[in-house]
Amino acid sequence: MKKILLIIIMLASQASAMEYINLNDGHKMPVLGLGTWTLNNSQAAESVYTAIKAGYRLIDTARYYGNESGVGQGVRRAIKEGLIRRDEIFITSKIIPGINDPDSAINESNKTLGLEYIDLMLIHQPGYNDEKLYKALERGVKAGIIKSIGISNYYTPEEFERIAKIASIIPAVVQNENHIFYQNSDLQKYLTRYGTVIESWYPFGGRGNTREIFNNQAIKKIAASHKKTSAQIILRWQIQAGYIVIPGSSNPAHIRENIEVFDFALSPDEMNIIANLNRNKRFENW
């Protein structure tokens, strides 16, 4: 009997571990998810399934990644096995501007995922006719195949305002490069007037830069004090700072490690130490 109660408590703890943020359109979004950039369909399917088993409820993909099919496969497998319901998983995809028929592209993305609807669809980056694409995303919301919409790789208030001024639905999310060396807190503060939140891709700086970030002495010292890894400290910092994070990995151990950030909190002093690591240094040009 005691063993059964322990299992129930552990399952309840896992179910309540994930934290959520309220978007400006009334939907709730998990604050931590799995990024799938560079994964092929087979890798994406397995990684998504592994992540869902570990407690993830947010998965990020894009048409450009070429792995929407694999992401959908991994989610459907988890649903079929009773690990989750469709309404318990939050799927984000992105679409690049410049295409001739954005409505058809959105429908195709939804069809490829095979999950009835897309929880969040973003413009992948600024580009030709991105305002036209945003209006197509709004039509997708009205048609019921998209729940929330936003933009990605728009880094300034001016870039955001260009989209906001033509929008009938204000972007719920701005997904940008964001890590300890590039925090862009000014944009985050600006977006509070709209209730728009920033989602961080490359929260560890991306491939080739993780060693420098993980070995930062301030991060290592904080990690040691909490008996956590550098990766976990960085993710916890971003979550407490009000960001959504989507670390990418196909390594099951890393996938599990990255979600183990809801059982501790950073102190105000530790948050300030990390905030002061900002160099306004980006690693990518998206």
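**View 1. Glycine 55 and the ends of helix H2 in the predicted model.** Helix H2 gives way to glycine 55, which has a positive phi near 115°. At the start of the helix, the backbone nitrogen of serine 42 has a side-chain oxygen of asparagine 40 within 3.1 Å. H2 comprises the 14 residues 41-54, for which a rise of 1.5 Å a residue predicts a span of 20 Å; the end C-alpha atoms are 20 Å apart, and therefore agree with this expectation.

**View 2. Buried residues of helix H2 and the elements that surround them.** The buried residues of H2 are Ala44, Ala45, Ser47, Val48, Tyr49, Thr50, Ala51 and Ile52. Their packing partners are two strands, E3 (34-35) and E4 (58-60), and two helices, H3 (68-80) and H11 (252-259).

**View 3. Packing of helix H2 against helix H3.** The axes of H2 and H3 lie 7 Å apart at an angle of about 35°, and the crossing is right-handed. From H2, the contact involves Asn41, Ala44, Ala45, Glu46, Val48, Tyr49 and Ile52. H3 contributes Glu68, Ser69, Gly70, Val71, Gln73, Gly74, Val75, Arg77 and Ala78. By class, eight residues of this contact are nonpolar, five polar and three charged.

**View 4. Tyrosine 128 in the loop between strand E6 and helix H5.** The loop that holds tyrosine 128 joins E6 (118-123) to H5 (130-143). Tyrosine 128 is classed as exposed because its relative accessibility is 65%, the cut-off being over 50%. Beyond its neighbours within four places in sequence, tyrosine 128 contacts Pro97 and Gly98. Although glycine 98 is 30 residues away along the chain, its C-alpha atom is 5.0 Å from that of tyrosine 128.

Terms used
Residues are numbered from 1 along each chain as its sequence is written. This is a predicted model: local features need pLDDT of at least 70, side-chain atom pairs count only at pLDDT 80 or more; totals for chains, interfaces and linings use all residues. Side-chain values use heavy atoms; hydrogens and water are left out. Helices (H or I, at least four residues) and strands (E, at least two) are DSSP runs, numbered from the N terminus. The expected span of a helix is 1.5 Å times one less than its number of residues. Buried means under 20% relative accessible area, exposed over 50%, partly exposed in between (1.4 Å probe, protein chains only). Contact means heavy atoms within 4.5 Å. A polar contact is a pair of N or O atoms within 3.5 Å; within protein, one must be able to donate a hydrogen and the other to accept it, and residues adjacent in sequence count only if both atoms are side-chain atoms. Axes are lines fitted to C-alpha atoms, for helices over the stretch in contact, and angles run from 0 to 180 degrees between N-to-C directions. A crossing is left-handed if the near helix is turned anticlockwise from the far one by less than a right angle, and right-handed if clockwise. Ala, Val, Leu, Ile, Met, Phe, Trp, Tyr, Cys and Pro count as nonpolar, Asp, Glu, Lys and Arg as charged, and the others, Gly among them, as polar.
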